[in-house]
Amino acid sequence: MNLLETDEDKAFRASARAWLSENAPGTRPFEKAAGLAYDKAWQLRLYEGGWAGVNWPKEYGGRGLSGFQYMTWVQECIRAGAPVTGGSNFTGQFHAGPTLIVRGNEDQKREHLPKILKGEAMWCQGFSEPGAGTDLANLRTRGEIDGDHIVVNGHKTWTSNGHVADLQELLIRTDPDSTRHHGLTWLICDMRTPGIEVRPIRTMDGEVHVNDTFYDNVRIPIANVVGEIGQGWSVAMSTFAFERGIGFIGDQIELINMVEELIHIAGEVRLPSGKYAIQDDGVAERLGALKCEALALRALTISGLAYIERHGQPGPEGSMMKLLLTTAYKKLHQVASDILGPEFLDYPQNPRSANPWAYRYFRSWVLTISAGPNEIHRDIIADRILGLPRAR
Amino acid sequence: MDLLPTSEQQQIIDSAVAYLDDRLPLQRLKNLFPRPEVLSSESWQELAGLGWFGLGLDDAVGGVGAGPSEEILLFRELGRVVAPPRVLFTAVAALAAASAGEGALAEQIASGGTQIALAVREDYGVGDDAIGRRRLYEAQGAKVALLVDGDRLRLLDLGDRELAMRTCLDTSISMSLADLSEAPVLCDVVDGQVALRADLLLAAYQVGIAEKALEMIVSYAKVRQTFGRPIGAYQAVRHPCADMAARAEEARALTFLASVALADAAPDAALQVSAARALAQEAALKNADDNIQLHGGIGVTAEFDAHHLIKRANVAAHWFGDRRSHLVRVLGTPFKIDAA
C-alpha cells in the first residue's frame, strides 16, 4: 500500500495545471445550442492541446496514460473549473469511444475515434426501451437484414443527448426468434438517417436531457455493426465495464467538494433556533457522516484503480461504488434542504447556477436510477461478489 | 499509488488467519459463554512469540518494526474472530511506552511480560484528563492500565488494587470500576501519532467485525430455505446483504488509506483516521445488527455466534476516541483533494 505521487506523477499534475490555467473555459451556457457549441469548442481545444482522451490508447489519438493519471487530470479540471463529464460528448467519451476501442474494427476506429476526441461527432445512447430498462435483455426494437443493410423498427427511450447527437450506439434484436441476451446486435446509427424521430422528455428539473427515439424502417449499413451480428450483448457489457470502472471518478471528486462547500455554508447560515446550522447536533452528525463517506469513496476509487493496474480490468466493485456514491449524493442534498431552509425552495429560470442545491437535488434521482437503478446493483453485488443464489 | 496489500503484507494476513483458525476461532466463545475469556499465560506467550504486541514497534525496543499498514491487517483479522481486546490494549501500550522513552517497559510489554487493561474515564466534567474513577476493560490478571485521553497516553501500575467487578453485556470481556487517582504512573506522554494509531487499530478491528457479520449471513443465506428456496434468493435478504458488503468495503478501503496516511505522516492523517474510525464503528454496529435480523430466530440464541459480534461492536465503541470527537475533527479539518 502506498499513496505517494512519483516525480513523474507530480510533473504530470504540474503540466495539467499549467495548461488548464491558460485554457480552462468559463461557465457552460444554459441554452441548448450555446451549450452544444461550448462542448464542441472545449473538446477541440483539449484535442489541440493534447489533452483529449488522456487514458485512451495512443494509436487512436489518446495519451495512453494510466487510470491514476486520468484521476489526476480530473482533479485538476475540477480545480480549474473546467468541465469533466463531457456535457453533450458524454456518451462518445465514456461509452461509445471505449466500446469501439475494445470491440470496433479498424475502419470504425479510424472513422469515429478522432471525431469523438475532436468534438466533431456527438453520440447518444440507444439501449433502454419502455419495457426494457432495468431488464435490458427484454428489448424488442428489431432489425431485419436486407442486402447490405439492417432495417430497424421500434422505440428507444431515455436517449440522453438524443436531441443534439450525430450518432447513436444502438442495441437491437436482429434474430426474431431469439430471447433475452441472445440475438442482439450493437450498431452505429447515424441520427440523420430517414425514419428517425426524436421526441424530448421533460424531466422534473424542468429541463430536457433525455428523449424518446422512434425508428420507422431506418436503414443502417451492415458495416456499422460493432462486433458480430448476434453478439450485441457481449459488446454492451464492454460498454458497462468501462462505465463502472472509471466513469465515477469525476462524481467522486465533486462529492467531496460539495460536502466541504455545505460544511462551509452550515457555518454561515442560522437555523430558526438562532444557532448556526453547524452548531446543531443533528446537522453536524449528518454532515460529519457524509464527509466520512466522501473520503471513503476516494479510498475506494484508489483501490479500484489499483485493481485495474494489477489485473488489467475493473473488478465487480464498481456496483458498490455506484450504490454508495449516488446514495451519499442524495443524502447530501437532503441535508442541504434542512440547512438552507426556505431559500432551498427558490427555483428561478437558471436553477443550475442560481440554486444548484435544489437543481442537483432533482438530479439525485437520476443518479440513483440511471446506469442501472441501485436495486439492480444490489442484485449484481449479491450475485457476483457475494455468490448468493440467483433471484431470477 | 496502490491500496491493495503487497505480497509481504498478504503473508501477515495468511499467517494470522492460520493461527486464529487453529487457536482462537470465533466458535471458542460458545463454550465460554457466559464467562469472561481469560487467555492462559501459555497462550499469551504464543501471541507474544508471533510478534503481535510489537508488530508496529521499533525493533530497537523489541518490536517487529512494521508500520500501521501491516498492523491494521492483523487487527482486522483479530476483529473477525472477536479476539480478546487485551491484544489491542497491549500493542498500544507498547507504542506509548516507547514514545515516552521507556524502552525497557516497551520491550517488556511487547515480549508478553506485562498484560494491559484499558481504563476509560467514568466521570466527565472534572477536567479532561483527570485520572479519577475509571471503567476498566480486561483488568482481570492485568498489572498495568492504559489511559488514552485525547492525545495524552499514560500507563498506571494497578498493583493488587481492589477492583469493583461489573458484569459486561459482552460477557467475554471482564469489566470493573476503580479509582486510579493514587495508582503509580509508569509513563505519561502526549503523542498524537500514537493516539491516532490506537484509533486506527480499533477501526481495523471494527472492520473485521463488520466483515465477519457479512460472511456469517452470506453463508447462512445460501443454505437456509424458506418457502422452498434459499433465503439468499429473496431480494428482502440479498439487498440488505449487498448494503452490508458496501458498508464493510468502504470502511475497509478508508481504514487502509488512513493507515498509509499515518505511515507517511501525511498532513491529512488525523482526518483520515478519525473518518475511518467513525465509519468502521457504524459499519460494525449496523452489520452485526443486520446479521442477527436476517438470520431470524436462530440469530438471537446463545448457541449461535451472531450475538458476540453485536456485543463486541457495542463495547468497542467506548474505547479510545469517542465518535463525536472524531466527527468534530472530520468537520473541522478541510480536505483538499489536489493538495499533493
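**Two chains and a sheet**

In this predicted model, 45 residues of chain A are in contact with 43 residues of chain B. Contact here is a matter of distance: the C-beta atoms of the two residues lie within 7 Å.

Which helices build chain A's side of this meeting? Helix 3 (67-80), helix 7 (249-266), helix 8 (281-311), helix 9 (318-340) and helix 12 (374-385) of chain A each supply at least two residues. Helix 8 of chain A gives the most, with 17 residues. Now sort the side of chain A that touches chain B by class. It has 28 nonpolar residues, 13 charged ones and four polar ones.

Next, turn to a sheet in chain B. Strands of a sheet pair through backbone hydrogen bonds, and they do so either parallel or antiparallel. The sheet in chain B is open and has seven strands, with mixed pairing. Read across it and the order is 5-6-2-1-3-4-7. Why is one side of strand 5 (164-167) and of strand 7 (185-190) of chain B left without a neighbour in the sheet? Both strands stand at the edges, so each has a single partner strand. The sheet is also twisted in this sense: neighbouring strands are turned by 25 degrees against each other on average, direction ignored.

Look at one edge. Strand 7 of chain B is joined by five bridges to strand 4 (residues 152-157) of chain B, and the two run antiparallel. One residue pair to find is B:Leu153 with its bridge partner in strand 7, B:Val189.

Finally, add a helix. Helix 5 (residues 86-99) of chain B lies across strand 1 (116-121), strand 3 (144-149), strand 4 and strand 7 of chain B. Helix 5 runs at about 85 degrees to strand 1 of chain B.

Technical notes
Residues numbered from 1 in each chain as written. Chains lettered and ligands numbered in written order. Predicted model: local features only at pLDDT ≥ 70, side-chain atom pairs only at ≥ 80, totals over all residues. Helix = DSSP H or I, 4+ residues; strand = E, 2+ residues; numbered from the N terminus. Nonpolar A, V, L, I, M, F, W, Y, C, P; charged D, E, K, R; others polar. Pairing = 2+ DSSP bridges. Axes fitted to C-alpha atoms, helices over the stretch in contact; angles between N-to-C directions.
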